[in-house]
Amino acid sequence: MQEIRVGKRGWKMYRQEYDVIVAGGGTAGIAAGLSAARAGAHVLLIEKNSYVGGTAASGLPFIDFFNRDGKQITAGIAEELMKRLFQEKAALGHIRTSGGHLNSVTMIDPEWVKITAEEMLLESGCELLYHSFVCGAKVEEDCLKSIVVANKNGLTEFRAGCFIDTTGDGDLAKFSGARYHLGRESDGLCQAMSLLFKLGDVDVERATSLFSENPIPACPVGGDHEYNLHISGKLSKWNDIILKEGIFEHPDHNIWAGTMRENELTYVNTIRVSEKNGADAYELSEAEIEGRRQLKKVIRFLNAYVPGMEKAHITSIPNGIGIRETRRIDGEYILTGEDIIEGRRFDDCIARNGYCIDIHDPKGQGWGVSRIQSEEQSYDIPYRCIVPARIDNLLVAGRCISTTAEALASTRIMPSCMALGQAAGVAASMAADRKLAPRKLDVKSIQTILRGNGALI
Ligand SMILES: Cc1cc2nc3c(=O)[nH]c(=O)nc-3n(C[C@H](O)[C@H](O)[C@H](O)COP(=O)(O)OP(=O)(O)OC[C@H]3O[C@@H](n4cnc5c(N)ncnc54)[C@H](O)[C@@H]3O)c2cc1C
């Protein structure tokens, strides 16, 4: 192990011991770092990329801050980030939709997520360590004592009163020996991945009007902004070409895209890479290569056949293929599909969600949704879902929380990942301060703090 070096010229001096360490600075990690630091903890957030944001910095819209009845379900830090982005002209307002599988869409500029979320974290006092991969853990008698981080300095060990795993894939929980599941119960396959991309020089109005001919019902086209257009449809019109030229394997292929600037599609979501495990570096490498292979064909297809996209060109690709599903940590409670469909309430609720169960077939054969059936059109996520069943000193937040594969297909959206991160941050700071295992905390006091900080629970 190398010694931590003292920073020069006013850079922050990294300590080796913190109250709270957050592993992964993506959607959930931003909220976890912020809420733990705001609660008074000394916090270090460790991120393998050169920026915070994770999947939230890939151009996707935040969906379903609202339920189907138009009632806001998620607020807190997620809403605060949207407001800050809006002030920077880097987000459009929430657009409520009806009839389709989405209840609301909030378009954001991915580059500004990196800038704005970083500013918010620094303001809170949270320290940031980039270009650093959490690659190991030391556990004694089921207690997570320290983690190992690999970066340019070599391997460094960090200790903390409490750790939060927000790596999306549950890396830290896995390294700690926590039990987990991967993929659907029947065959262990995970949902398909999608390489997202941003397109410049698109005649957005022409392109979107085309998809409104064959839309997924009632997804929004139009909104409260000149450039706020959202494509949501199928490429069925070009089935013959798509199958003949081998662009995609199956007919009636879905495309989702959205824009917030003139002449661009901020994200396009249509590529599908299936039957790969995103938590395995070898399979992930294959998935990245397959994603780019498809992308080359897709761009040529869009240029050749889709009116309004003749001159379209790729302006950016996110840092890594989009992964919908990998490990789900076994927690004190495992949230199920029935809990979601029936809109169940729990006494230890720490986040709520109004999104449907949205599954991209693991074998790449399409996509389907199941909607919440309860009167309230939303469900609770219990605190026990972020507490690993066996390991102490560790919480998880984001898409790797304790759910069935079916339930993950709903909890994984960004507003709920941020709400879970916010709750994990409060609980971790409390656990570190009181020197208690997270499972021994009084959930009522976590809920009181969350409510005081704008969470809708
Ligand atoms: C193709 C696709 C489309 C989607 N569409 C939408 C949508 O339209 N709207 C919506 O709301 N949601 C959407 N989602 C879901 C949502 O974006 C993700 O589920 C959510 O952002 C996951 O948040 P997270 O914090 O768990 O993970 P992430 O945001 O992925 O963050 C994980 C972070 O941890 C870092 N990390 C990982 N491993 C390590 C390690 N070992 N050490 C250090 N750092 C590490 C990563 O670099 C990353 O920054 C979509 C997802 C995909 C893949």
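Modeller: A helix here is a DSSP run of H or I of at least four residues, and helices are numbered from the N terminus. Please also keep in mind that the model we are discussing is a predicted one.

Biologist: Which helix holds Thr116, and why is this residue called buried?

Modeller: Thr116 lies in helix H3. Its relative accessibility is 1%, and since buried means under 20%, Thr116 counts as buried. Setting aside residues up to four places away in sequence, Thr116 touches Leu81, Arg84, Leu85 and Glu88.

Biologist: Helix H3 also holds Lys114 and Glu111; what makes their pairing a salt bridge?

Modeller: Side chains of opposite charge can pair when their charged atoms come close. For Lys114 and Glu111 the nitrogen-to-oxygen distance is 2.8 Å, and because the cut-off is 4 Å, the pair qualifies as a salt bridge. The two residues are 3 places apart in helix H3 (residues 110-124), which is about one turn of the helix.

Biologist: Are Lys114 and Glu111 buried or exposed, and how do you know?

Modeller: Lys114 has a relative accessible area of 19%, which is under 20%, so Lys114 is buried. Glu111, at 35%, falls between the limits of 20% and 50%, so Glu111 is partly exposed.

Biologist: How many salt bridges does the structure hold, and which distant parts of the chain does the pair of Arg390 and Asp142 link?

Modeller: There are 29 salt bridges in the structure. In one of them the side chains of Arg390 and Asp142 meet at 3.2 Å, N to O. Arg390 is in the loop between strand E20 (379-382) and strand E21 (394-396), whereas Asp142 is in the loop between strand E7 (133-140) and strand E8 (143-151), and 248 residues separate the two in sequence. Arg390 has a relative accessibility of 35% and counts as partly exposed, and Asp142, with 31%, is partly exposed as well.

Biologist: What makes Arg352 and Asp380 a salt bridge, and how do you know that Arg352 and Asp380 are buried?

Modeller: Their side chains come to 2.9 Å, N to O, and since this is within 4 Å, the pair is a salt bridge. Arg352 lies in strand E17 (residues 349-353) and Asp380 in strand E20, so the pair ties together parts that are 28 residues apart in sequence. The relative accessible area is 7% for Arg352, which is therefore buried, and 1% for Asp380, which is therefore buried too. Salt bridges with shared partners join Arg345, Arg352, Glu376 and Asp380 into one network.

Biologist: Let us turn to the rings. How many aromatic pairs are there, and why is the pair of Trp256 and Trp367 called edge-to-face?

Modeller: The structure holds 5 aromatic pairs. The ring centres of Trp256 and Trp367 are 5.1 Å apart, within the 6.5 Å limit, and their planes meet at 75°, which is over 60 degrees, so this pair is edge-to-face. Trp256 is in strand E13 (residues 254-258) and Trp367 in strand E19 (residues 367-370), so that the pair links distant parts of the chain, 111 residues apart. Trp256 has 8% relative accessibility and counts as buried. Elsewhere, ring pairs link Trp238, Phe301 and Tyr305 into a cluster.

Biologist: How far from the ring centre of Tyr180 is the charged end of Arg327?

Modeller: The charged end of Arg327 sits over the ring of Tyr180, 5.4 Å from its centre. Likewise, Arg96 lies over the face of Phe66, at 5.6 Å from the ring centre.

Biologist: How many residues are in the largest nonpolar core, and where do they come from?

Modeller: The largest nonpolar core has 104 residues, and Ile147 and Tyr383 have the most contacts inside it. Helix H10 (residues 414-434) gives the most to this core, with 13 residues. At least three residues come from each of domain 1 (17-187 + 326-452) and domain 2 (197-316). Another core, of 32 residues, lies apart from it, and includes Trp238, Ala257, Val273 and Ile321.

Biologist: Helix H10 also holds Ser429; why is Ser429 called buried, and which residues is it in contact with?

Modeller: Ser429 has 9% relative accessibility, under the limit of 20%, so Ser429 counts as buried. Leaving aside neighbours within four places in sequence, Ser429 is in contact with Val20, Ala36, Ala39 and Ala41. Ser429 and Ala41 are 388 residues apart in sequence, yet 5.5 Å apart in space, C-alpha to C-alpha.

Conventions:
Residues numbered from 1 in each chain as written. Predicted model: local features only at pLDDT ≥ 70, side-chain atom pairs only at ≥ 80, totals over all residues. Heavy atoms only, no water. Core = buried A, V, L, I, M, F, W, Y, C linked by side-chain atoms within 4.5 Å. Buried < 20%, exposed > 50% of the residue type's maximum accessible area, 1.4 Å probe, protein only. Domains from an automatic or database assignment. Phe/Tyr/Trp six-rings, centres within 6.5 Å; stacked < 30°, edge-to-face > 60°. Lys NZ or Arg CZ within 6 Å of the ring centre and 35° of its normal. Contact = heavy atoms within 4.5 Å.
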